[in-house]
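Good morning, and thank you for joining this session. Please look first at the sequence and the structure, and then I shall take you through selected features.

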Amino acid sequence: MTSTSNEQKLVKEVKDKKILQQLSGLGPVLALIVLALITTVMNPSFLDPNNLLNLLRQVSINGLIAFGMTFVILTGGIDLSVGAILALTSALSAMMITSGVPTLIAMLIGIIFGGLLGGLNGLIITKGGAAPFIASLATMTIFRGATYVFTNGNPITSKAMNNSFIFQFIGRGYFFGIPVPVIIMLISFFILYILLHKMTFGRKTYALGGNEKAAFVSGIKVNITKTWIYVISGIMSSAAGMILISRLSSAQPDAGTGFEMDAIAAVVLGGTSLAGGRGRIFGTLIGALIIGTLNNGMNLIGISSFYQQIVKGIVIIIAVLLDRRKKA
């Protein structure tokens, strides 16, 4: 009788735990809904279709970077160089377009170069044994400095960029009424969703974050997998850079400054643990929407950009504390 009672109690605890996990997964979605409702009450123009499309267009850049950052953080790592990679690769592509290289080829080369820079981060971490924070902090400084050297500290702009339909279309165009950057973000999301949640590579990513030593013992090629994860981060950052230069019609040497913080915030707000091994890329998409809604709402309400930084910092602290509480 006692044994049966214990079994029933155990089953009930397992079911309760699953329910709590499902509810916690809905947390970011509920937070987004509440934030949108509060913003709408304070300024009804938030729901204006043009404003919503503009919000989604703005979210696309942070969303792309955050998707790549999700893979990195799932392994328990961090990549502080994403903003600098964005700046350097976008400057390279802009310079090639200015020199007469076809737009798509120039952008493709920039994205590939971004992957190589991300791979360099991965090699320094895996082969060099450097901590991800230190490694990416160092490369962030190197890549940012290289951008200033390459551009001589000046924006890159030209008639070739302004006259290219493809160049303008990528950042400012519409496809069936939907901004092209949003379409690019959604396509990237579905590709990376499949990679992370439906393929072996994704299972390896979670395994690295859960227990790297156990992953190694089980036969996972830790160094190769981790390096490819940083390659993905670099590719997504440079892809975001292509959208940014298209929107601005120029490549700014200081582009991407602070973007790494918004990307990390989106990942954490989406429920991915900074310790690694737990999180979903769908949560990151919601997290990016939360950051975008927060920025857009504060602009509509008329809050100073100085105060906006404080608010975003507080939101990040709350998300980190909630993450710590989940693990406790």
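I shall speak about a pocket, one helix beside it, ring pairs and two loop residues.

This is a predicted model, in which local features need pLDDT of at least 70 and side-chain atom pairs count only at pLDDT 80 or more, while totals for chains, interfaces and linings use all residues. Residues are numbered from 1 along each chain as its sequence is written, and side-chain values use heavy atoms, with hydrogens and water left out.

Let me begin with the second largest pocket, which holds about 590 Å³ of space. A pocket here is an open set of points on a 1 Å grid over the protein atoms alone, where a 1.4 Å probe fits, with protein on both sides within 12 Å along at least five of seven lines; lining residues have an atom within 4 Å of a point. The volume is the space filled by probe spheres set on the points, which are joined across faces, edges and corners. Of the 21 lining residues, those closest to the centre are Gln 58, Phe 259, Asp 262, Asn 295 and Lys 312. The lining comprises nine nonpolar, nine polar and three charged residues. In this division Ala, Val, Leu, Ile, Met, Phe, Trp, Tyr, Cys and Pro are nonpolar, Asp, Glu, Lys and Arg are charged, and the others, Gly among them, are polar. Helices H3 (49-74), H12 (222-248), H13 (259-269), H14 (281-301) and H15 (305-327) each supply at least two lining residues; helices are DSSP runs (H or I, at least four residues), numbered from the N terminus.

How much of H13 is buried? Nine of its 11 residues are (buried meaning under 20% relative accessible area, exposed over 50%, partly exposed in between, with a 1.4 Å probe and protein chains only). Asp 262 is one of these buried residues. Beyond residues up to four places away in sequence, Asp 262 touches Asn 62, Ile 291 and Lys 312, where contact means heavy atoms within 4.5 Å. The side chains of Asp 262 and Lys 312 are also joined by a polar contact of 3.2 Å. Such a contact is a pair of N or O atoms within 3.5 Å; within protein, one must be able to donate a hydrogen and the other to accept it, and residues adjacent in sequence count only if both atoms are side-chain atoms. After H13 comes Gly 271, with a positive phi near 100°.

I turn now to aromatic pairs, of which there are six. Rings of Phe, Tyr and Trp (its six-membered ring) pair if their centres lie within 6.5 Å; planes under 30 degrees apart count as stacked, over 60 as edge-to-face and the rest as tilted. The Phe 71 and Phe 201 rings are tilted, because their planes stand at 40°, with centres 6.4 Å apart. Phe 71 belongs to H3 and Phe 201 to H10 (residues 200-210), so this pair ties together parts 130 residues apart in sequence. Both residues are buried. By contrast, Phe 165 and Phe 169 are stacked, since their planes meet at 25°, with centres 5.5 Å apart. Phe 165 is exposed at 62% relative accessible area, and Phe 169 is partly exposed at 28%.

Finally, two loop residues. Asn 152, although not a glycine, has a positive phi of about 60°, and Ser 249 likewise has a positive phi of about 60°. Asn 152 is exposed at 63% relative accessibility, whereas Ser 249 is buried at 12%.
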